[in-house]
Amino acid sequence: MSTRDDGPTGTRLVVGVDIGNSTTEACLAEVAPDGSVSYLGTDLTRTTGVKGTPANTAGALTAIRGALARGGRGADRVATVLLNEATPVISGLAMETITETIITESTMIGHNPTTPGGEGLGVGTTVSITGLGTAEPGQPVVCVVPPGWDFDDAAAAINTAVAGGAEVVAAILAGDDAVLVTNRLTRPVPVVDEVAAVEKVPLGMLAAVEVAPPGRTIRTLSNSYGLATVFELDPAQTRQVSPVARALTGNRSAVVVRTPSGDVTDRRIPVGELVLRGAGKTLRVDVDAGAEAIMEAVARAQPLDDAHGEPGTHVGGMLAQVRDTMADVMDTPGQPAVPVSEIAIRDVLAVDTFVPAEVRGGLAGEVALENAVALAAMVRTSRSRMQLVADLVSEGLGAAAVIGGVEGEMAVNGALTTPGVDRPVAVLDLGGGSTDAALLTREGECTAVHVAGAGELVTKLIDSELALGDREVAEGVKRFPLAKVESFFHVRHEDGTVQFFDQPLPPHVYARVVVLSPEGPAPVPTRHGLDHVRRLRREAKRRVFVVNALRALRQVAPGGNIRALEFVVLLGGSALDFEIPDMIADALAPYGIVCGTGNVLGTEGPRNAVASGLVRAYAAEPVRSGPAAPVR
Ligand code: ADP
Ligand code: MG
């Protein structure tokens, strides 16, 4: 119930508030007795705490006060705050590798020192630099230089041995002196440096050292048959060393040593079974079967009642962790703890990914790309805590606050304020944790669904696939186009165009792949080239949003048939992305669907749909004193 009198003309000041996983949005409006609405101002702020918990109050108050300031109204005049009915739909993310490359006995050194020396391929027996004098003339040797050797002394020792008839074909150094040593050699050979564990390089073994010319990558040691040729391997042995070739791909230099008992395995880690309960059945699927198999099972168990992982397996741990985290955040001090059994996993999105992981048994921190599966799980508890948030907002603002309107329905309602949009229409709300779809039929019936996985998952995939270890940098890679800084005065954009600058660019971005953020170019800390980063970014977006858009629309479409839809409006923070809306439109085009980004109120772009939808639903209600009415 409202606690305020109507204004002198009978108009009432209301604020719609949408608390999302990432963002809290507010929409301030005056509603006249005839139901006409004048929108006065909007605002948004980062959501405080986990969606649907009392910690949201602070963010909600910030957004409300922001909208009031923009609309030039005081808090004392607010009649009612309208909050979204946020079923605690919380998304958790977990990632597990399903392959592991292990090297027992030192068989490989394949790192990328920034400045290897010389170039070409050298194959010979490993000999310590102190033992060069006794090397048999005419027998190719690879010289191993332990730490502490000065580059002048090392070069002199090699030159002396060569003069004495030794055939030194390559060198492996502990220090960072490859170029200095190579420059002093009478007969230049490929030299790999910065090998931290050089003392572990076995002596008296056949080894191959390869250094590619500048700007190129190695050709022989990254090719399984190249390794087979160099080391005279049979097919079984070739299969065994193929992970070595894979781990060395893209390197500028590498060393491979063949040890008699050397063994490289490419082990599949049993991740465990995912147990899906829904649609009256229980389905089991092996997580290492990959995303496609998992999603096919999820589709068959729709609507999902709950999901579990086999106890004692990776997937068991992943899902238990999501559930525990949710139980923790749902706890309120002074109230009984939320039992984990009350928390049901209502949707799962699996995405194939890869994680650069250090090779076990490597000598110089070699990295191999291990296959992994990322799971986004969406949790729903049986307790809604929004009433508590409403009470706290009411107290903080000194105005009534009511819960009105289910998120999905309100989003459609807000989308209808986009010029050119009318019923029937479907919306896709591309948020941070979940992708939501809702359909409003010509008759005014509304169905809505949430599916797990959205913007946060994209950021996480970019972060782990590029091994950035920094969420903020990954968020930048997701949001802004890339460029390569080619000189102090120009960059080449990812579309190939060149931009010149009057002022020199800062030295720390020179020759780097950068993101063009509004604050200026920011380097992406990766060895990968621009094209690689771009491809990976687009793949991450496609695997989350295109998959989820189709999945969510299929669930609201009449008879599950996407073709039955005509118009789709994209909403939410991720609809601001510079390529996601196009990717979704492209994916929907074959179904004959008109798809575009919403422009809520004709001014807000894809933002504020739920908040302004709450206001619109309230205004449409005949007696405007209670909770907002459903869409009609
Ligand atoms: P929610 O409704 O779940 O609170 P939002 O609708 O605010 O979420 O969407 C949050 C997501 O939108 C985040 O993943 C964020 O990275 C993404 N996002 C916000 N602004 C942009 C932008 N300009 N470009 C791309 N993604 C964006
Ligand atoms: Mg939202």
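## A tour of strand β21 and its sheet

Select β21 and strand β29 (residues 567-571): the two run parallel and are joined by 4 bridges. This is a predicted model. Pick Leu 428 next; its bridge partner in β29 is Leu 570.

Now bring in helix α12, residues 530-556. The helix packs on the sheet and touches β21, β22 (434-440), β23 and β29. Its direction makes about 150 degrees with that of β23.

Widen the selection to the whole sheet. The sheet is open, has 5 strands and shows mixed pairing. Read across, the order is β23-β22-β21-β29-β30. Go to the edges: β23 (446-452) and β30 (594-597) each have a single partner strand, so one side of each lacks a neighbour in the sheet. Neighbouring strands here are turned against each other by 15 degrees on average, direction ignored.

Return to β21, residues 425-430, and select Asp 429. What is the nearest side chain of opposite charge to Asp 429? Arg 607, 7.4 Å away. Asp 429 is buried and has no salt bridge, since that would need a side-chain nitrogen of Lys or Arg within 4 Å of a carboxyl oxygen. Show the contacts of Asp 429, leaving aside neighbours within four places in sequence: Ser 434, Thr 435, Asp 436, Leu 571, Gly 572 and Val 610.

Last stop: helix α5, residues 235-248, where Ala 247 is found. Is Ala 247 buried or exposed? Buried: its relative accessible area is 9%, and the cut-off is under 20%. Add Val 367 to the selection. Ala 247 and Val 367 are 120 residues apart in sequence, yet 6.4 Å apart in space, C-alpha to C-alpha.

Notes:
Residues numbered from 1 in each chain as written. Chains lettered and ligands numbered in written order. Predicted model: local features only at pLDDT ≥ 70, side-chain atom pairs only at ≥ 80, totals over all residues. Heavy atoms only, no water. Buried < 20%, exposed > 50% of the residue type's maximum accessible area, 1.4 Å probe, protein only. Lys, Arg positive; Asp, Glu negative; His and termini not counted. Contact = heavy atoms within 4.5 Å. Pairing = 2+ DSSP bridges. Axes fitted to C-alpha atoms, helices over the stretch in contact; angles between N-to-C directions.
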